[in-house]
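Reader: Please take one helix of this model and go through it closely. After that, add what can be said about the open and enclosed spaces in the structure.

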Amino acid sequence: MGGDFAPEAVVKGAILAVQQLNPEDKILLIGQEDIIQALLQENGYTGTAISIVHASQVIEMGEHPTKALSQKTDSSIAVGYGLLKMQKADAFCSAGNTGAMLVGAMFSVKAIEGILRPSIASFVPKLNGGYGIILDVGANADCKPEVLEQFGELGSIYAKYVLDIDNPKVGLMNLGEEEGKGTVVTQAAYPRLKANTSIHFIGNIEGRDLFNDKADVIVCDGYTGNIILKLAESFYDILSEKGIKDPFFDKFNYEAVGGSPILGINGNAVIGHGVSSPNAICNMVLQAQKMVSSNISERFKKIIA
């Protein structure tokens, strides 16, 4: 029920997704059953891969996350996290209230033991093809050095097992390449990342290195990461307005990957863009399916612990 164009866009996206999922994969649409059922019929869906889990309440996009979750226990976000916690769902996706998605992740399924701060990650198109990963992009505006170090670990695990990058290169986003550059936090994070033998740290990177092959995993605090993410999204919008079409910049369209995974929690969760279209919803589901098939949450538990 979440998102600016929900539930129509979500139902249509789910129908697109089942056409690309494995035959044994199932989609649970969580929300007001009568509305969802009518939309499935309206769109001609008669298959068995989509089922409905009734949730009577809706958390609106502008509501206070903690207050809404505590008061609306039968909302689609609350019910979805409940299913994830009870392992009745392998992944939970929503284009609804971002704050409620984060609060639900922290207080329902909770962080994996040993994880200092779960992170929202996003994907960076690379000029040589494929994607890198950047984290954090909004969950943690301020980060301690040890948190940035762990982001390097989380990003490396995700890049290896979900993005299929062998021995991913980790770079610390900074205002210069030299070791002594940056804020007090990035200066302290550098030696920690450098000494960490579980990652392939290549040092500081600058903003101009975002899209080249210098680093596969870009580490930064959520304040910096969110600014980078929103700036990158604007590239696609500007080029589209000018009528310029380019395969590389098409990857900057939020629809291409569908959403941002929350890394470091007990389960697989993906946050979609509020304006998610059916295509974005479809790609968010496909991304979640890949997270499940790569067993990424269990890998985090095993490696971090």
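Author: **Pocket, helix α8 and a buried serine**

α10 gives the most to the lining of the largest pocket, with seven residues. The model is a predicted one, and this pocket is a convenient place to start before turning to the helix.

The volume of the largest pocket is about 750 Å³. Its lining is made up of 34 residues, and those that lie nearest its centre are Lys26, Ile27, Leu28, Ala91 and Cys93. At least two lining residues come from each of α1 (8-18), β1 (27-31), α4 (76-85), β3 (91-94) and α10 (278-293).

The helix chosen for the close look is α8, with 20 residues (222-241). At 1.5 Å a residue α8 should span 28 Å, and the 29 Å between its end C-alpha atoms agrees with that. Its buried residues are Gly222, Gly225, Ile228, Leu229, Ala232, Glu233 and Leu239. Viewed down the axis of α8, these fall within an arc of 135°, so they line one face of the helix. The cover over the buried residues of α8 includes three strands, β4 (119-125), β5 (131-135) and β6 (169-173), and the helix α9 (247-250). On the face turned away from the buried side, α8 carries the exposed residues Tyr223 and Glu241.

Both ends of the helix can be described further. At the N-terminal end, Asp221 acts as a cap of α8, with a side-chain oxygen 3.0 Å from the backbone nitrogen of Tyr223. Tyr223 thus appears twice, as an exposed residue and as the partner of the cap. After α8 comes Gly243, which has a positive phi, near 75°.

As for enclosed space, two cavities of 30 Å³ or more are found in a search of the whole structure. The largest cavity has a volume of about 40 Å³. Its lining consists of Met1, Gly2, Ile59, Ser76, Ile77, Ser94, Gly96 and Asn97.

Ile59, one of the residues that line the largest cavity, is also in contact with Ser75. Ser75 sits in the loop between α3 (65-71) and α4. With a relative accessibility of 0%, Ser75 counts as buried, because the cut-off for that is under 20%. A polar atom of the Ser75 side chain lies 3.3 Å from the backbone nitrogen of Ala78. With neighbours within four places in sequence left aside, Ser75 is in contact with Ala55 and Gln57 as well as Ile59.

Conventions
Residues numbered from 1 in each chain as written. Predicted model: local features only at pLDDT ≥ 70, side-chain atom pairs only at ≥ 80, totals over all residues. Heavy atoms only, no water. Helix = DSSP H or I, 4+ residues; strand = E, 2+ residues; numbered from the N terminus. Expected span 1.5 Å × (residues − 1). Buried < 20%, exposed > 50% of the residue type's maximum accessible area, 1.4 Å probe, protein only. Arc of directions from axis to C-beta. Contact = heavy atoms within 4.5 Å. Polar contact = N/O pair within 3.5 Å; in protein donor to acceptor, adjacent residues only side chain to side chain. 1 Å grid on protein atoms, 1.4 Å probe; cavity = no way out; pocket = protein on both sides within 12 Å on 5 of 7 lines; lining within 4 Å. Points joined across faces, edges and corners; volume = space filled by probe spheres on them.
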